[in-house]
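I sat down with this one and jotted notes as I went. Here is what I looked up, entry by entry.

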Amino acid sequence: YAYLQTILLGLRGMEVGSRAEEILKALQRLKNDFEKFSSDLEVLGRHINNTRAKYDEVEKKVEGFRYALDGLSTGEGGPAGEKPELT
């Protein structure tokens, strides 16, 4: 009986070792997936920042257009009849 118990404990130890290897492989896959996700998130953040900067730039141009159009409708045309810079 003691011999069978020893064999059983040895087999359980092998099973734990095998499971530990599977767990380590799964953790490595998760680490790789997280690194890819983190990289994608960083790219997305840069795109959002670039989009915001472009939005602000276009918003200023819209205000310039609005000023010019308001000047046309009132006959003023801006200071001394000049158009504001729209760049």
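**Overall fold.** I started with the basics: the protein has one helix and zero strands. For my own memory, helices (H or I, at least four residues) and strands (E, at least two) are DSSP runs, numbered from the N terminus.

**Ground rules.** I'm looking at a predicted model, where local features need pLDDT of at least 70 and side-chain atom pairs count only at pLDDT 80 or more, while totals for chains, interfaces and linings use all residues. Residues are numbered from 1 along each chain as its sequence is written, and side-chain values use heavy atoms, with hydrogens and water left out.

**Helix length.** I checked whether the span of α1 fits its residue count. With 73 residues at 1.5 Å a residue, α1 should span 108 Å, and its end C-alpha atoms are 105 Å apart, so the two agree. The expected span is 1.5 Å times one less than the number of residues.

**Surface and burial.** I looked up the accessible surface, which is about 8000 Å², with 62% belonging to carbon and sulfur atoms. These areas come from the Shrake-Rupley method with a 1.4 Å probe, and for residues only the protein chains shown count as cover. How many of the 87 residues count as buried? Just 5% of them do. Buried means under 20% relative accessible area, exposed over 50%, and partly exposed in between (1.4 Å probe, protein chains only). In α1, the buried residues include Gly64, Ala68 and Gly71.

**Nonpolar patch.** I found a nonpolar surface patch made of Tyr3, Leu4, Ile7, Leu11 and Met14, with about 580 Å² of accessible area together. Patch residues have over 30% relative accessible area and no salt bridge; like charges are joined within 9 Å, nonpolar side chains (Val, Leu, Ile, Met, Phe, Trp, Tyr) within 5 Å. I picked leucine 4 for a closer look: it sits in helix α1 (residues 2-74). Leucine 4 counts as exposed because its relative accessibility is 58%.

**Salt bridges.** I counted eight salt bridges in the structure. Each is a side-chain nitrogen of Lys or Arg within 4 Å of a carboxyl oxygen of Asp or Glu.

- Aspartate 40 meets lysine 36 at 3.0 Å, N to O. Both are in helix α1, four residues apart, about one turn. Aspartate 40 is partly exposed at 39%.
- Glutamate 57 pairs with lysine 54, the closest N and O atoms being 3.3 Å apart. They are about one helical turn apart because three residues separate their positions in helix α1. Glutamate 57 is partly exposed at 37%, and lysine 54 is too, at 46%.
- Glutamate 63 meets arginine 66 at 2.5 Å, N to O. These two are three residues apart in helix α1, so about one helical turn. Glutamate 63 is partly exposed at 42%, and arginine 66 is partly exposed at 42%.

I also noted a network: salt bridges with shared partners join Lys54, Glu57 and Lys61.

**Why that spacing?** An α-helix has 3.6 residues a turn, so residues three or four places apart point the same way.
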